[in-house]
Amino acid sequence: MSRIVYVNGDYLPEDEAKVSIFDRGFLMADGVYEVTTIIDGKLIDFDGHFQRLERSLGELDIENPLPREDWLEVHRQLVAQNDVEQGMIYLQVTRGAPGDRDFVFPDPETTTPTVVLFSQSNPALVDSPKAQQGIKVVTIDDIRWGRRDIKTVQLLYPSMGKMMAIKQGADDAWMVQDGAVTEGTSNNAYIIKDGRIITRALSNDILHGITRAAVLRFAREAQMPVEERSFTVEEAKAADEAFVTSASAFVMPVVEIDGTTLGNGAPGPLALRLREIYIEESRKSAI
Ligand code: PMP
């Protein structure tokens with residue numbers, strides 16, 4: 001069965017969906033995206049992702065093309081039409097397709113944003129074998145631009161970072177700026193020392209993870225102390241536990257950093273507990 005996707009108001013089989021070669025998303029990475037996870041056929045933290053989408057669009061002076069209710073309806077339609085039990089909905093909005101390539105933004109009166117959404121199924125999301133094992137990370141320089149708080153589709157360096165990690169036999173990379181970890185290639189990074197959860201504070205240096213916000217809230221509710229501050233690679237290697245968070249990885253334990261094993265090399269108990277709480281609470285509030 002061909003997947004049904006959404007393009008600019010239409011639901012179409014994926015091989016009939018088309019976007020212009022003049023689209024600024026294609027030519028200039030001039031667009032933003034969101035990824036919302038589906039569990040039990042329901043959307044996790046839809047409103048968090050919607051609010052961040054509005055903020056990303058606002059920072060780039062792109063008008064939000066749809067009201068919240070319409071975004072929700074498209075998400076739900078794609079879940080239903082593609083029969084997604086576990087997986088995600090990917091959403092992308094670009095500045096649209098003016099007739100010519102130009103660095104100057106096109107007039108929004110004549111060039112409207114391009115809107116694309118599609119689903120991906122992943123039946124192993126909740127019972128992830130990786131989460132039982134934990135992942136290995138390597139550190140790389142963070143050479144991305146200075147507005148990482150905007151969720152743009154410029155993902156070349158994170159993608160290269162992931163490949164650098166895989167070439168070294170690891171699963172992912174943590175990016176480092178001035179000796180301190182910023183975040184993972186597609187996730188927020190945390191360490192745990194003496195029961196305290198440490199993660200970089202929000203700024204333009206990192207993406208403001210929707211999963212991060214939820215996990216820190218659950219941690220505080222469970223009386224786990226949280227410190228939002230920078231940490232160094234040395235500090236991370238000496239930590240008791242580490243983990244990453246993202247919409248699709250939930251809470252994923254990290255068991256090795258640059259070849260240094262954390263604890264006994266198995267996922268830490270607090271990371272696993274947070275994963276459990278996150279999945280349980282997200283299931284309860286899914287829409
Ligand atoms: N940081 C980066 C660089 C990311 O790409 C992502 C996921 N897109 C995250 C953090 C995690 O964000 P979220 O929890 O909203 O998925």
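Student: Which side chain meets that of Arg 55 in a salt bridge?

Tutor: In this predicted model, a salt bridge requires a side-chain nitrogen of Lys or Arg within 4 Å of a carboxyl oxygen of Asp or Glu. The side chain of Arg 55 satisfies this with an N to O distance of 2.9 Å. Its partner is the side chain of Asp 149.

Student: How is the chain divided into domains, and how many salt bridges are counted between domain 1 and domain 2?

Tutor: Domain 1 covers 4-121, and domain 2 covers 129-285. Between domain 1 and domain 2, eight residue pairs are in polar contact, both residues being at pLDDT 80 or more. The salt bridges between these two domains number three.

Student: Which element gives the most residues to the side of domain 1 that touches domain 2?

Tutor: At least two residues each are supplied by strand E3 (31-39), helix H2 (46-59) and strand E5 (87-94). By character, the residues on this side of domain 1 are eight nonpolar, six polar and six charged. The greatest contribution, seven residues, is that of E3.

Student: What area is buried between domain 1 and domain 2?

Tutor: The centres of the two domains, taken over C-alpha atoms, are 26 Å apart. The contact draws 20 residues from domain 1 and 19 residues from domain 2. Carbon and sulfur atoms give 61% of the buried area. That area is about 1,800 Å².

Student: Which residues come nearest to the ligand?

Tutor: The ligand has 18 residues around it. A polar backbone atom of Ile 210 is 2.8 Å from an oxygen atom of the ligand. The nearest residues are Lys 151, Glu 183, Ile 210, Thr 211 and Ala 247.

Student: How far does a polar side-chain atom of Thr 211 lie from an oxygen atom of the ligand?

Tutor: A polar contact is a pair of N or O atoms within 3.5 Å. The side chain of Glu 183 has an N or O atom 2.7 Å from a nitrogen atom of the ligand. For the polar side-chain atom of Thr 211 and an oxygen atom of the ligand, the distance is 2.6 Å.

How values were computed: Residues are numbered from 1 along each chain as its sequence is written. This is a predicted model: local features need pLDDT of at least 70, side-chain atom pairs count only at pLDDT 80 or more; totals for chains, interfaces and linings use all residues. Side-chain values use heavy atoms; hydrogens and water are left out. Domain bounds come from an automatic or database domain assignment. Contact means heavy atoms within 4.5 Å. Buried area is the accessible area (1.4 Å probe) that two parts lose on being put together, summed over both. A polar contact is a pair of N or O atoms within 3.5 Å; within protein, one must be able to donate a hydrogen and the other to accept it, and residues adjacent in sequence count only if both atoms are side-chain atoms. Helices (H or I, at least four residues) and strands (E, at least two) are DSSP runs, numbered from the N terminus. Ala, Val, Leu, Ile, Met, Phe, Trp, Tyr, Cys and Pro count as nonpolar, Asp, Glu, Lys and Arg as charged, and the others, Gly among them, as polar. A residue is near a molecule or strand if one of its heavy atoms lies within 4 Å of it.
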